[in-house]
Amino acid sequence: MIPTLQSLIGGRWIGREAATPLHNALTGGLIYHTHADAIDFGEAVHYARKTGVPSLMKLDFQQRAAILKALALYLLERKEELYAISHLTGATRADSWVDIEGGTGTLFAYASMGGRELPSSNVLHEGPAMALGKNGGFAGTHILVPRGGVAVHINAFNFPIWGLLEKFAPSFLAAMPCIGKPATATSYLTEAVVRMMHESGLLPEGALQLVIGSTGDLLDRLEGFDAVTFTGSADTAARLRVNRNLVAHSVPFTAEADSLNCAILAPDITPDDPEFDLFVKEVAREMTGKAGQKCTAIRRIIVPEALVDAVGARLRERLAKVSVGDPAVEGVRMGALASKDQQRDVGERLALLAHGNEVLFGARDGFKPVGDGVADGAFFAPTLLLCRDGMTNDAVHDVEAFGPVSTIISYHGIDQALALAARGKGSLVSTLVTKEPAIAAYAVPMAAASHGRVLILEREAAVDSTGHGSPLPQLKHGGPGRAGGGEELGGIRAVRHFLQRAAVQGSPTMLAAVTGEYVRGARVQESEVHPFRKHFEELHIGDSLLTHRRTVSEADIVNFGGVSGDYFYMHFDDIAARDTQFGKRIAHGYFVLSAAAGLFVSPAPGPVLANYGLDNLRFVAPVAIGDTIRARLTCKRKVDRNRTDDKGVGQGVVAWDVQVTNQHDELVASYDILTLVMKRS
C-alpha cells in the first residue's frame with residue numbers, strides 16, 4: 001500500500017485520503033501520495049499564536065539554544081533513516097550529506113551562537129545606551145524582543161531538510177512558532193524529519209507545524225506581527241510578495257530566489273597555475289552536485305577569451321568522467337533531478353539557452369544512466385554551452401536551467417567580466433579565481449554590489465574553502481534583485497530578523513531595568529560583601545565596588561617595562577615625550593589595566609573562577625607619573641548558560657563594567673571583563 005503523507009496541524013497529524021502521487025526520482029515508481037484532507041489554516045495560525053507563542057516565551061534565549069543542540073543530537077543519531085529516504089529524491093550520499101548533516105549542523109551552529117551571544121532573558125539589548133541630555137538623567141537605547149507572531153517558512157524542493165532547519169533555527173531562537181511548507185515533490189523527506197522532531201518531545205508545544213500540499217488561505221490569515229520566508233523561483237517569489245493581505249498588514253516577507261550565479265576566471269590566471277585547475281574543479285562540482293539543483297549553482301562561467309578553449313576542453317574531460325545513475329551503484333557521482341516535471345522544465349530551458357550558442361558537452365556524449373530500473377528516472381545529462389558574445393546574448397543572463405547546465409561566456413578585460421556578472425540582475429553568490437590581491441581588491445567591491453556573497457578562490461584559500469555553493473550559518477545567504485532581495489543566516493543577524501526592534505528612552509536606572517544590563521549612570525548597589533565573593537545566583541545587575549586609590553610612580557612604569565618588555569618612548573624618553581601632545585611621560589595603558597585589576601580583584605578562591613575575556617577596551621585619557629587612579633567595578637550582565645564543570649558545579653557568565661578614573665574623577669580607561677562565576681547550587 002502506498003503511504004499517504006500527513007500534515008502536522010494543531011499538534012496532531014492529519015491526512016488519510018490520497019491526493020497527488022509522488023514518484024521515485026530514480027525509477028519513476030510511485031512512492032507516496034500527498035493528502036486530500038482539507039487543512040484548517042485558521043486553526044493552524046490560532047494554535048501557533050495561542051499555544052506556540054506562550055510555550056516558547058516560557059523559555060529564554062539560552063534555554064531555546066539548549067533545545068536546538070539537543071534536537072540536533074537527536075536527529076544526528078537517526079540520520080541513516082533520513083539518508084535512506086533522501087535516496088528516493090535522486091540524491092547521492094554527498095548530496096544528502098549537505099541536506100541532512102548540513103541541516104543538523106545549522107542547528108548546532110545556532111545553538112552555539114545563541115549560547116555565546118544571546119542573554120538568558122527575552123530582551124536583547126542593542127547597546128550601548130547613549131546620553132540624551134546634559135545632566136546624565138535621560139538616555140536612550142534599542143532593544144529587540146519577540147514579535148509574538150508566527151513564522152511561515154515556504155521552501156524549495158532541492159533541500160527538503162536543510163531548507164526547513166536553516167529557517168527554523170533562528171525563528172525558534174526568536175520565540176516564533178513555525179509553520180513549514182515544503183515543496184510537494186520532495187515533501188516526504190521533510191515530513192520524515194518533522195516526525196522525528198515531533199517525536200523527540202524536545203520542542204515546546206506549538207513550536208512547529210507542517211503543511212503538506214497547498215498553502216491555501218494561510219497567507220491571507222497572517223498579521224503584521226507574523227513573518228514569511230520563501231525559497232524558490234523568482235516568479236513565485238514575485239507572486240507571493242504582492243499578496244494583498246501581506247501588503248495590507250505590512251507582513252515582513254523575505255525571499256531567497258534562484259539566480260544566475262557566476263564564476264570569473266581572472267585574466268592573471270594561466271593554464272599552468274593551480275588556480276586554473278581549482279576553477280575547473282569548482283565549476284564541475286557545482287554543475288554536478290545535487291544534479292545542478294542548487295540555488296547557488298554556477299550557471300555562468302566567465303572566462304578570458306584567450307582561455308575559452310582551454311577551459312572548455314578541461315571541463316569536457318572532467319564531465320566525461322562523471323558517472324550518472326542510481327547513487328546506490330558504486331562509482332555513481334551524479335543522481336537524478338527531483339522529478340519528471342523538473343526534467344521537462346530543464347530540457348525546455350536548455351533549448352532556449354542553446355539557441356545561438358554552442359553545445360560543448362551534453363547528452364550526445366555517451367550519456368547513459370546506470371542502475372536497475374533507471375529508464376524512467378528523471379536523469380539529465382551534464383551540459384556545457386559556450387557563448388562567445390555575452391554582451392549581446394540576453395538568454396544566458398535571463399534563462400536559468402535548474403539542473404546540470406552551465407554556459408561559458410568569454411570576456412575582454414576585467415571590467416567586461418564584471419559587467420557580464422552584473423547582467424545577472426542580482427545573484428546569490430559569485431566566485432572570483434585570481435592569484436593577484438590587486439585584482440581582488442578592484443573586482444570584489446564591484447561584484448559585491450550585485451551579489452550576496454563573493455568567494456575569492458586561490459591556492460591558499462583552497463586548503464579550507466567550503467566552496468562556491470555552500471551557504472554557511474555564520475555568513476549571510478541571499479542576494480539583491482533577481483535573487484530575491486532577502487537575507488537569511490548570517491549568524492545572530494538571522495535571529496534579529498524575527499525580533500521586533502524598539503527604541504527605549506528613560507533614565508539610566510530605568511534602561512538598566514528594562515535591558516537587564518547595567519547602564520552607566522544608573523543606580524548601583526554597594527555592600528560590605530565584595531562582588532567577587534558572591535555566587536552567580538546572588539549577584540544582581542548593578543552590584544558595585546568602588547576601590548581604594550593608587551598613585552602611579554616612576555618605579556611602576558620602569559618595573560612594568562621590565563616585565564613586559566615594552567620600552568616605548570612615551571614611557572621612557574622624557575625629552576621625546578615633551579614634544580608630543582601629552583607633553584610628558586605617561587604610564588603604559590596596560591599597566592593602568594593591570595593596576596585596576598589589582599585594585600578590584602578579591603584574591604581568595606571562588607566563586608569567580610576565571611577571567612576569560614575583555615571587551616570594549618578604551619584608553620580614554622593619559623595617566624602620568626604622580627596621577628592617582630581608582631576603579632569602579634559593576635555587575636553589568638549575567639548569562640546563565642545552563643552548564644556545569646567536570647565536578648557537576650554549575651557556572652554562569654558575568655560581564656563586569658570597569659571604569660578607571662584619576663584624581664579629578666576623569667575617566668582614563670573603560671572596558672568590560674568577562675568571568676566564569678560558580679553557582680551555589
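Student: Let's start with charge. How far apart are the mean positions of the positive and negative charges of the protein?

Tutor: To read that feature, you take the mean place of each kind of charge and compare the two. This is a predicted model, and in it the 67 positive and 75 negative charges have mean positions 4 Å apart.

Student: And the surface as a whole? How much area does the protein expose, and what share do carbon and sulfur atoms supply?

Tutor: Here the protein exposes about 28,600 Å², with 53% of that coming from carbon and sulfur atoms. As for the inside, 56% of the 681 residues are buried.

Student: What about the overall layout? How many helices and strands are there?

Tutor: You'll find 21 helices and 28 strands. Along the principal axes, the C-alpha atoms fill a box of roughly 85 × 60 × 50 Å. Then look at contacts: among those with a separation of 6 or more, 75% join residues 24 or more positions apart.

Student: Can we zoom in on a strand? Which strands does β13 pair with?

Tutor: Pairing is read from the bridges between strands. Strand β12 (residues 261-265) runs parallel to β13 and is joined to it by four bridges. One bridge puts Ala263 opposite Ile301 of β13. Between β12 and β13 the chain passes through helix α9 (residues 274-288), making a right-handed β-α-β crossover. β13 also pairs with strand β16 (residues 405-411), again in the parallel sense, over five bridges. Ile301 turns up here too, with Ile408 as its bridge partner in β16.

Student: Is β13 (residues 298-304) mostly covered or mostly exposed, and how many of its residues are buried?

Tutor: Mostly covered: seven of its seven residues are buried. As a general idea, side chains in a regular strand alternate between the two faces of the sheet.

Student: Now a single residue. Why does Val592 count as buried?

Tutor: You compare its relative accessible area with the cut-off. Val592 counts as buried because its value is 4%, and buried means under 20%. Val592 sits in helix α21 (residues 589-600). Setting aside neighbours within four places in sequence, Val592 contacts Ala587, Val623, Val660, Val668 and Ala669.

Student: And Thr644? Where is that residue, and what does it touch?

Tutor: Thr644 belongs to strand β26 (residues 628-644). Not counting residues up to four places away in sequence, Thr644 touches Val649 and Gly650. For a sense of span, Thr644 and Lys281 lie 46 Å apart, C-alpha to C-alpha, with their positions 363 residues apart in sequence.

Terms used: Residues numbered from 1 in each chain as written. Predicted model: local features only at pLDDT ≥ 70, side-chain atom pairs only at ≥ 80, totals over all residues. Heavy atoms only, no water. Helix = DSSP H or I, 4+ residues; strand = E, 2+ residues; numbered from the N terminus. Buried < 20%, exposed > 50% of the residue type's maximum accessible area, 1.4 Å probe, protein only. Contact = heavy atoms within 4.5 Å. Areas by Shrake-Rupley, 256 points an atom, 1.4 Å probe, with all protein chains shown as cover. Lys, Arg positive; Asp, Glu negative; His and termini not counted. Charge placed at Lys NZ, Arg CZ, Asp CG, Glu CD. Pairing = 2+ DSSP bridges. Right-handed = clockwise from strand over helix to strand, strands pointing away.
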